[in-house]
2 protein chains.
Amino acid sequence: MRIALLGGTGDIGEGLALRWAYDTDHEVVVGSRDPERARAKAEEYETELDSRGVEKKITGFENAMAADRADVVVLAVPPYHVADVVEEVADRLDDDVLLVSPAVGMQKGAGGFRYNPPSAGSVTELVVETAPDDVTVIGAFQNLSADRLANLDVELSLDTLVVGDDEDAKRNVAALAEGIEGLRALDAGPLANAAEVESLTPLLINLAIHNDGLHDVGVTFE
Amino acid sequence: MRIALLGGTGDIGEGLALRWAYDTDHEVVVGSRDPERARAKAEEYETELDSRGVEKKITGFENAMAADRADVVVLAVPPYHVADVVEEVADRLDDDVLLVSPAVGMQKGAGGFRYNPPSAGSVTELVVETAPDDVTVIGAFQNLSADRLANLDVELSLDTLVVGDDEDAKRNVAALAEGIEGLRALDAGPLANAAEVESLTPLLINLAIHNDGLHDVGVTFE
């Protein structure tokens, strides 16, 4: 599959790009507002993989170009840019593309972060509102520790949650997630459950702030 | 310490009562609106412990009576009863009592449960608003799997989150939690972070609904 990581130069984008390139045969395309930056980061990821004996072509483009002909488009951008980026790439999206939303709206306050969803109820639902009607939207990868993901020396043992209204699409995103070694995907139910999935991210940050040894904390459910 | 479990006849109350009685030297008092039911449940817990070779006195009282002279009062009641129960027991609470809130407001919808906090922002903050000013309130035990807790055959390996504005009180509740074998307490920060802690409960239920083998799911952070 061809996976376009829009905002693939950011921390969660970097982690997903490296892991998919390292662990799977998927084609990884890095998107950014700035095509120069996308290309530079793609090269950086290639160098990182090369240093581990993995030769893999990773390309970098401006977001709309990156989304073009992708099977999966991951919106790894800040929550306040999500709607703009979706509109920017909308006419490049294939009908059968999977649009994946990992972003979470948060507000920093005294002693921690609070969940701060858009008026749509969650970022995932905002993406549904913004995307063309025939595009399937799935929420996933919100609760991963980006630093751990981006460090290929770290063996993962983490869960990620998948939320959406299309069962086939959820299964596909879950399979994509589980292509990454040490990542387990769990089904969090329909889109209407997205807020509870996204709320976990500020909680993880709060635990990182207030507990020694959890600076890059992830979660497992059992 | 003397721990009063108001609503100690319910599922999370039962689990905490059994575990504290089994694993620690704390005195466990079961509270209920109905003193008969409190006594019957206390006896049932004693019988359960006795069958495991643990002889321990567990008493049962009407809630206000149970709260009387307790060091720790756990409000293991449904979220819509929390304010009433706090008012009911308010004049029995010692100044230095620890009032612990494990309840979570939720609403059932299609395909899952959604977080539905009271206007105070969270149940924990509602308890703060309702309780006498000199009483310290801590949120904890929201995200435990009640069935696993109540089944003493099950070896726990779970995290629970502690949230509140008083650091000493949080440490005390964390120690109380960790008196239960296999339970680790993590600091989720100040009271203002309580909503993110409580939001985890509907998420756990949604995961239980949508994933095989997770019918009584708990969480660990690492």
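A polar contact here is a pair of N or O atoms within 3.5 Å, where one must be able to donate a hydrogen and the other to accept it. Keep that handy for the first close-up of this predicted model.

**View 1. Asp187(A) and its surroundings in strand β10 of chain A.** Asp187(A) sits in a strand that covers residues 183–187. Its side chain joins that of Lys170(A) through a polar contact of 2.8 Å. With a relative accessibility of 16%, Asp187(A) counts as buried, because the cut-off is under 20%. Leaving out residues up to four places away in sequence, Asp187(A) touches Val162(A), Glu167(A) and Lys170(A), plus Asn206(B), Leu207(B), His210(B) and Asn211(B) from the other chain.

**View 2. How chain A lies on chain B.** Give chain A a turn of 180 degrees, with a shift of 0.0 Å along the axis, and it can be laid on chain B with an RMSD of 0.0 Å. The two copies are therefore related as by a two-fold rotation axis. In chain A, Thr220(A) has the C-alpha nearest that axis, 2.7 Å away. Both copies use the same surface, as 100% of the contact residues of chain A recur in chain B.

**View 3. An open sheet of 6 strands in chain B.** The strands pair in parallel, in the order β3-β2-β1-β4-β5-β8. At the edges stand β3 (59–62) and β8 (136–139), each with a single partner strand, so one side of each has no neighbour in the sheet. On average, neighbouring strands are turned by 25 degrees against each other, direction ignored.

**View 4. Strand β2 of chain B beside β3(B).** These two run parallel, joined by 4 bridges. Ser32(B) has Glu62(B) in β3(B) as its bridge partner.

Note on methods. Residues numbered from 1 in each chain as written. Chains lettered and ligands numbered in written order. Predicted model: local features only at pLDDT ≥ 70, side-chain atom pairs only at ≥ 80, totals over all residues. Heavy atoms only, no water. Buried < 20%, exposed > 50% of the residue type's maximum accessible area, 1.4 Å probe, protein only. Contact = heavy atoms within 4.5 Å. Least-squares fit on C-alpha atoms with pLDDT ≥ 70 in both. Pairing = 2+ DSSP bridges. Axes fitted to C-alpha atoms, helices over the stretch in contact; angles between N-to-C directions.
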